[in-house]
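The following exchange examines how descriptive terms are assigned to a structure. Each reply sets a computed value against the criterion for the term.

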Amino acid sequence: MIDAFHDPHASTVHLPAGEWATVLDALCAHFPSVSLAQWLDRIERGRVLDAQGKAITPQTPYRAGLRIHYYREVAQEVPIPGVETVLHVDAHLVVADKPHYLPVTPAGGFVEQTLLRRLIRRLDNPDLVPLHRIDRATAGLVLFSANPASRAAYQALFRERRIDKLYHALAPGLPQLSFPQHRRSRIVAGEPFFRMREVEGEPNSETLIEVIERGVDIWRYALRPVTGKKHQLRLHMAALGAPILHDTLYPELAPAADDDHRRPLQLLARNLAFDDPLSGERRHFQSGLELAWPVPEVGSADAR
């Protein structure tokens with residue numbers, strides 16, 4: 001049977017083998033954190049669909065391997081402070097400036113409090129799809145495709161590395177090193193699952209690191225990622241001995257705690273530039289945000 005349903009905002013599950021009578025029974029067993037009442041409510045509102053995009057019912061029979069699409073929801077989702085800024089809108093592209101701690105797409109306990117969902121509501125465009133990701137803790141530019149017809153052309157910019165990305169970061173100074181530094185390493189999944197690590201082997205990540213300003217203890221760096229591995233910039237800076245200011249993942253995992261909006265990760269996706277694949281014109285976007293500079297130096301009274 002052909003899967004005729006294509007909604008990039010829906011999650012998908014293939015039902016595992018089991019002895020359940022209905023799809024509802026299988027979903028309850030597969031997602032124990034979601035109650036029967038929640039699944040019934042979603043089904044009643046047409047938020048659980050089969051492979052053809054047809055809403056299921058509580059009586060839809062179970063079949064192993066059946067493709068089911070559903071829309072993630074989080075009850076009583078806590079609002080995230082900070083407002084995104086829309087820098088550019090046209091028939092094909094949307095460019096937004098994301099505040100710290102706002103996820104780009106739904107994940108974990110975040111669904112409505114994401115840049116994607118905020119922009120869909122704000123621009124009334126359900127076709128929006130992010131063309132790339134930045135960490136929840138990182139602020140700055142995110143590009144969205146606004147038109148499915150031209151989406152592949154813009155996705156190819158990232159896949160074929162035809163887009164120039166510039167980040168700013170605040171981190172401890174490295175007077176013992178000469179700059180620019182060209183960091184190349186092999187990055188793989190680490191422990192716990194949300195962290196990454198460098199290992200021996202053929203490099204699969206590359207970053208050009210330059211110095212913009214030098215303070216007594218903290219420097220401002222320009223980071224130009226050639227590749228786009230998860231946490232690449234954070235990991236590369238930590239590996240050089242200059243973890244990005246207020247990083248809670250690298251080089252060591254900090255104890256779990258609520259977001260500290262007074263001390264966000266000092267990493268900003270500042271510039272994006274590329275040749276437009278439709279018009280051929282050079283496009284350049286710059287974040288309206290800035291990292292705080294100068295920062296209180298280590299040991300100063302204001303650094304408490």
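Q: Which residues of helix 4 are called buried?
A: In this predicted model, the buried residues of helix 4 (residues 151–159) are Arg151, Tyr154, Ala156, Leu157 and Phe158. The term requires a relative accessible area under 20%.

Q: What do the buried residues of helix 4 pack against?
A: They pack against strand 5, strand 6, strand 7, strand 8 and strand 13. The criterion for such a contact is heavy atoms within 4.5 Å. After the helix comes Arg161, which has a positive phi near 55°.

Q: What makes strand 9 and strand 11 a pair?
A: Pairing requires at least two bridges found by DSSP. Strand 9 (residues 181–189) and strand 11 (residues 205–214) share five bridges in the antiparallel sense, so the two strands qualify as paired. Within this pairing, Arg183 lies opposite Thr207 of strand 11.

Q: How do you know that strand 9 also pairs with strand 10?
A: Strand 10 (residues 196–199) is joined to strand 9 by four bridges, and the two run antiparallel. The threshold is at least two bridges, so the criterion is met. One of the bridge partners is Met196 in strand 10, which is matched with Ala189. The two strands form a hairpin with six residues between them.

Q: Why is Thr207 called buried?
A: Thr207 has a relative accessible area of 1%. Buried means under 20%, so Thr207 is classed as buried. Thr207 belongs to strand 11. Beyond its neighbours within four places in sequence, Thr207 has contacts that include Gln181, His182, Leu223, Pro225 and Leu233.

Q: What makes the approach of Thr207 to His236 a polar contact?
A: The side chains of Thr207 and His236 make this contact at 2.9 Å. The limit for a pair of N or O atoms is 3.5 Å, so the distance satisfies the distance criterion.

Q: Why is the pair Asp41 and Arg45 called a salt bridge?
A: The closest N and O atoms of Asp41 and Arg45 are 2.8 Å apart. The cut-off is 4 Å between a side-chain nitrogen of Lys or Arg and a carboxyl oxygen of Asp or Glu, so the pair qualifies. Asp41 has a relative accessible area of 35%, and Arg45 has one of 42%. Partly exposed covers the range between 20% and 50%, so both residues receive that label. The whole structure holds 18 salt bridges.

Q: What makes Arg136 and Asp259 a link between distant parts of the chain?
A: Their side chains meet in a salt bridge at 2.9 Å, N to O. The two residues are 123 residues apart: Arg136 is in the loop between strand 6 and strand 7, and Asp259 is in the loop between helix 5 and strand 13. Arg136 is partly exposed at 26% relative accessibility, and Asp259 is partly exposed at 31%.

Q: How do you know that Asp164 and Arg282 form a salt bridge?
A: The N to O distance between their side chains is 2.8 Å. The limit is 4 Å, so the term applies. This pair also links distant parts of the chain, with Asp164 in strand 8 and Arg282 in strand 14, 118 residues apart. Asp164 is partly exposed at 45%, as is Arg282 at 47%.

Q: Why does Arg118 count as buried?
A: Arg118 has a relative accessible area of 10%. The limit is under 20%, so the residue counts as buried. Arg118 lies in helix 3 (residues 115–123) and is linked with Glu84 and Arg122 in a network of salt bridges. Residues touched by Arg118 include Ile80, Leu102 and Gln113.

Q: Which residues have the most contacts inside the largest nonpolar core?
A: They are Leu128, Phe144, Tyr221, Leu223, Met237 and Leu267, in a core of 32 residues. Helix 3 gives the most to this core, with four residues. A second, separate core has 16 residues, among them Leu15 and Trp39. Met237 of the largest core has contacts that include Ala171, Ile209 and Tyr221.

Note on methods. Residues numbered from 1 in each chain as written. Predicted model: local features only at pLDDT ≥ 70, side-chain atom pairs only at ≥ 80, totals over all residues. Heavy atoms only, no water. Buried < 20%, exposed > 50% of the residue type's maximum accessible area, 1.4 Å probe, protein only. Polar contact = N/O pair within 3.5 Å; in protein donor to acceptor, adjacent residues only side chain to side chain. Core = buried A, V, L, I, M, F, W, Y, C linked by side-chain atoms within 4.5 Å.
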